[in-house]
Amino acid sequence: MDFDYAFYMLTHQGSSTRKGKANPPRYGEGYRKLLAEAMNMNRSRILAFKNKTPPRVELFPSNFSSDKHTESNPPKAQRRYISQSADRTLDAPYLMDDYYLNLLDWGSSNVLAIALANTVYLWDATDDSTWELATFEDERGPVTSVNWAIDGRQIAIGLNNSEVELWDTTASSHVITLRGCHRSRVGSLAWNNHILTTGGMDGRIVNNDVRIGSHIVVETYRGHEQEVCGLKWSASGQQLASGGNDNLLHIWDNRSYSRTQWLHRLQDHTAAVKALAWCPFQRNLLASGGGGNDDRCIKFWNTHTGACLNSVDTGSQVCALLWNMNERELLSAHGFTQNQLTLWKYPSMFRIAELTGHTSTVLSMAQSPNGCTVASAAHETLKLWNVFGDPKEVKPAPKADPEPFAHLNRIR
């Protein structure tokens, strides 16, 4: 690699050999060693390190990086375990197989109400006790709807003969009977403080003030042409969502100038709309489900503007919807073919889990007061699912996203 040295060795050694004599060295051994070191002619050091590899210098101490990671990027939380089988299964003989009825509700006092033919039964989830609340004559029954008041003491019971009864469950006593509001069966009920809203097969929706001994009809909403099978008040009590067998979804607003005129008439569904659920963490967000195999969709609505935000084809009839009160998740109940419960992540609508076990259409769902357990009712069967988490590990519910000018009717 040293051309000068190589040329010297070739020319001088070669010439001396050819002449048959060797040229005596002009310089001493010491000089040659110095010359070799100066010209880097030590051939034993090629591709060899001159010194030991210097130690690696750390720009940051190792404990600095780990602490920083812990503070800025905490370790991911362990994914919640969701059992694929029901925690409990209870017999529910004579449960009516009618999609349009609402026969199941779970009150704030942790008591579950279910209507079986002409009788309303109560099951206390705290002590596992069951008792019969009321039984009605065949001329008045069967029971077509049940719904707990906010206090968890009073319950409204809709009947096939168009009447509605109010009962005090703590005393197991009848309070009042509402007559003359409808011309046929009452299949849906919803409470808004002291106002009991009833929906009938005649398409009418009636607000009843039940604070006094005899009820007072406050408003009557007319917008549905067929049976009203879904009723839900928003958490604020300012908007009412109603779904009917006419495939219509109406939004009614207490703050509008004409209280009995719908705020929005939504006609995107192609089947009966029974499944309704207001979002607990975002105001003016409503989920609705289409009940027939022609629809099969869950739709999300901005009830302030009436815009459809998203539509998801679930593949089967949507019978009921429930939001998780502690996570951004939605649970849907379905009919043919799998009769399953599907847990969705919102807003991506990624399928988290599918819970199977029912052998027929899941007609109704109800949520426990702590938001963790869900009851689902199908053919003569009531199943309890721990789908929304362990009550001991429940986090605080996410706060509702504030909406600008929510307190105003309109902006001029």
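Visitor: What makes β1 and β26 the edges of the open sheet with the order β1-β28-β27-β26?

Guide: In this predicted model, the four strands of that sheet pair in antiparallel fashion. β1 (88-91) and β26 (364-367) each have a single partner strand, so one side of each is left without a neighbour in the sheet. Direction ignored, neighbouring strands here are turned by 20° against each other on average.

Visitor: How do you know that β1 and β28 are paired?

Guide: Pairing requires at least two bridges between two strands, and four bridges join β1 to β28 (residues 381-385), the two running antiparallel; within β28, threonine 381 is the bridge partner of aspartate 91.

Visitor: Why is the pair of tyrosine 221 and tryptophan 252 called stacked?

Guide: The search of the whole structure finds nine aromatic pairs. For tyrosine 221 and tryptophan 252, the ring centres are 4.6 Å apart, where pairing asks for 6.5 Å or less, and the planes meet at 10°, where stacking asks for under 30 degrees, so the pair is stacked. Tyrosine 221 belongs to strand β13 (residues 216-222) and tryptophan 252 to strand β16 (residues 249-253), so the pair ties together parts that are 31 residues apart in sequence.

Visitor: Are these two residues buried or exposed, and how do you know?

Guide: Buried means under 20% relative accessible area; tyrosine 221 has 1% and is therefore buried, and tryptophan 252, at 1%, counts as buried too.

Visitor: What makes arginine 265 a charge over the ring of tryptophan 262?

Guide: Arginine 265 lies over the face of tryptophan 262 at 4.8 Å from the ring centre, and the limit for that distance is 6 Å.

Conventions. Residues numbered from 1 in each chain as written. Predicted model: local features only at pLDDT ≥ 70, side-chain atom pairs only at ≥ 80, totals over all residues. Heavy atoms only, no water. Phe/Tyr/Trp six-rings, centres within 6.5 Å; stacked < 30°, edge-to-face > 60°. Buried < 20%, exposed > 50% of the residue type's maximum accessible area, 1.4 Å probe, protein only. Lys NZ or Arg CZ within 6 Å of the ring centre and 35° of its normal. Axes fitted to C-alpha atoms, helices over the stretch in contact; angles between N-to-C directions.
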